[in-house]
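The exercises below are meant to be worked with the model open beside the text. Each one sets a task and then follows it with a solution in steps.

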Amino acid sequence: MRTTVGIIGAGPAGLLLARLLRGAGIDSVVLESRDRAHVEHRQRAGILEQGTVDVLRAAGAGERMDREGLRHDGIELRFARRRHRVDFPGLTGGRSVMVYAQTEVCRDLIALRTKEGGPLLFEAEALAVEGADTDAPRVRFRHAGREDVLECSYVAGCDGFWGVARKAVPASLSRVFERTYPYAWLGILADVAPSHDELVYARHDRGFALLSMRSPSVSRLYLQVPAGTEAGEWSDEDVWGELERRFETTDGWRLERGPITQKSVTPMRSYVHEPMRYGRLFLAGDAAHIVPPTGAKGLNLAVGDVVTLARALAHEKETGSPELLDAYSETCLRRVWQAERFSYDMTTLLHRAPDATAFDDRLQLARLERIASSRAAGTDLAEAYTGFPVG
Ligand code: APR
Ligand code: PHB
């Protein structure tokens, strides 16, 4: 099998890249190790930056998002039993975000790709990327019980944190920057209308809590729990009780309960692999970097990477110049590190470390007070949350 761009992974990075390349007249093959149902049902984050929304629309993949997505003009920070709203358009000159689940973005992109007959192989597991430093890189993969080779001009490693693409970068050239956190998120989906019309990020002495949503009738909620916690350790009753405590306010706000339909634990990690390019292999999305979910940046970073890559490949096709491909890693990493910084700041602003001292608690409250009382500090948060420009 032969193609111009071999794409490993059908998460948002791989699927959107295939779509953008198609628009630029560049053919690709997408290899995905899992089956379609798995990809279309796994629960992930749900906040799209303004720039991500614009990219999906321009790629012709925004129709259902515009119908079913919920535009959000702010978030609430909750601390010391008080509430502070961060007004995005007011602080950023009109920017907002969209609540539309990553799962739905993937479904829409898969439906388009399938309808248009673009090669997208499920249950096709990449085994290795070979010859990345030559003019003819290859992806060895296993599909339908037999091994095959995808001959490419370029390979895009969009295979997430646990993928194989990153391993093709020689250890002598790789640099990894990493931090793990001593806590995780216990996430639930519940069949109940969200108790607030915007997301609520709560700092509490017992730990962080987040109220999010998937639709006007489905809530998505998270609780900070110790790293290593299993979802089964928490009964539904315990989850609701703890959420109520952490969201409690002085003004009588109430958290509505409903049947919990899903419960899982997400670990928290910051991770960057440099460089994001080796020869004709380009890493994009979680394959190259991970952020803790507090800043809602994971999906948006993946989108930024593949927009940069598609642009660079189109430029090379049109002009013969590899200059944008050569700049790919550096261009992406500037944005990646800003997202790493913001995600780290949001995480340490709102979570309570197991060894936190009274001094740390006071400092967190002072940081939150500063955001609530200074337009400059509020703007800093709003600009980062609604997104940094791509490129
Ligand atoms: N061969 C083929 N496919 C693979 C392989 C492999 N060896 N290894 C992993 N994959 C697939 C996974 O099954 C998954 O579908 O690659 C895909 C990677 O998708 P994501 O993990 O969703 O990563 P990405 O597209 O970069 O999107 C980043 O996803 O994890 C969230 O928070 C993160 O929102 C961010 C987004
Ligand atoms: C989600 O809805 O899943 C979500 C929202 C905001 C975050 C993280 C996750 O910061």
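**Exercise 1. Ligand 1**

How many Å separate an oxygen atom of ligand 1 from an N or O atom in the side chain of Arg42? Having found this, describe the surroundings of ligand 1 in this predicted model.

Solution. Begin with the side chain of Arg42, where an N or O atom lies 2.6 Å from an oxygen atom of ligand 1. Next, turn to Gln102, whose side chain places a polar atom 2.7 Å from an oxygen atom of the ligand. The backbone takes part as well, since a polar backbone atom of Leu299 is found 2.9 Å from an oxygen atom of ligand 1. With a cut-off of 3.5 Å between N or O atoms, each of these pairs counts as a polar contact.

Then consider how far the ligand is covered: on its own ligand 1 has 710 Å² of accessible area, and the protein covers 87% of it. Two or more residues of the shell come from each of helix 1 (12-23), strand 9 (124-130) and helix 8 (298-319). Finally, count the neighbours, of which there are 26, with Glu32, Arg42, Arg44, Gln102 and Asp286 as the closest; sorted by class, the shell holds eleven nonpolar, eight polar and seven charged residues.

**Exercise 2. Ligand 2**

Establish which residues make polar contacts with ligand 2, and from which elements and domains its shell is drawn.

Solution. Start from the 15 residues that surround ligand 2, the closest being Tyr201, Ser212, Arg214, Tyr222 and Pro293. Two of these tyrosines offer side-chain atoms to the ligand: an N or O atom of Tyr222 is 2.6 Å from an oxygen atom of ligand 2, and a polar atom of Tyr201 is 2.8 Å from an oxygen atom of the ligand. From the backbone, an N or O atom of Thr294 lies 3.4 Å from an oxygen atom of ligand 2. The protein buries 99% of the 280 Å² that ligand 2 exposes when taken alone.

Now assign the shell to elements. Strand 14 (199-202), strand 15 (209-215) and strand 16 (218-226) each give at least two residues, and strand 15 has the largest share with three. At the level of domains, at least three residues come from each of domain 1 (5-73 + 96-177 + 269-346) and domain 2 (181-267 + 352-386). By class, the shell around ligand 2 consists of nine nonpolar, three polar and three charged residues.

**Exercise 3. The second largest pocket**

Characterise the second largest pocket by its volume and its lining.

Solution. The volume of this pocket is about 300 Å³. Its lining has 16 residues, among which Thr348, His351, Ala353, Asp360 and Gln364 are the closest to the centre. To locate the lining, note that strand 13 (175-190), helix 9 (323-350) and helix 10 (358-373) each supply at least two of its residues. The division by class is seven nonpolar, four polar and five charged.

**Exercise 4. Backbone exceptions**

Where is there a cis peptide bond, and which residue that is not a glycine has a positive phi?

Solution. Recall that most peptide bonds are trans and that most residues other than glycine have a negative phi. Against this background, the bond from Glu274 to Pro275 is cis, with omega near -5°, and Pro275 sits in the loop between strand 17 (260-274) and strand 18 (277-278). The positive phi, about 65°, belongs to Arg81, which is placed in the loop between strand 5 (74-79) and strand 6 (82-87).

Notes: Residues are numbered from 1 along each chain as its sequence is written. Chains are lettered from A and ligands numbered from 1 in the order in which they are written. This is a predicted model: local features need pLDDT of at least 70, side-chain atom pairs count only at pLDDT 80 or more; totals for chains, interfaces and linings use all residues. Side-chain values use heavy atoms; hydrogens and water are left out. A residue is near a molecule or strand if one of its heavy atoms lies within 4 Å of it. A polar contact is a pair of N or O atoms within 3.5 Å; within protein, one must be able to donate a hydrogen and the other to accept it, and residues adjacent in sequence count only if both atoms are side-chain atoms. Accessible areas come from the Shrake-Rupley method with a 1.4 Å probe; for residues, only the protein chains shown count as cover. Helices (H or I, at least four residues) and strands (E, at least two) are DSSP runs, numbered from the N terminus. Ala, Val, Leu, Ile, Met, Phe, Trp, Tyr, Cys and Pro count as nonpolar, Asp, Glu, Lys and Arg as charged, and the others, Gly among them, as polar. Domain bounds come from an automatic or database domain assignment. On a 1 Å grid over the protein atoms alone, a cavity is a set of points where a 1.4 Å probe fits but cannot get out, and a pocket is an open set with protein on both sides within 12 Å along at least five of seven lines; lining residues have an atom within 4 Å of a point. Grid points are joined across faces, edges and corners, and a volume is the space filled by probe spheres set on the points.
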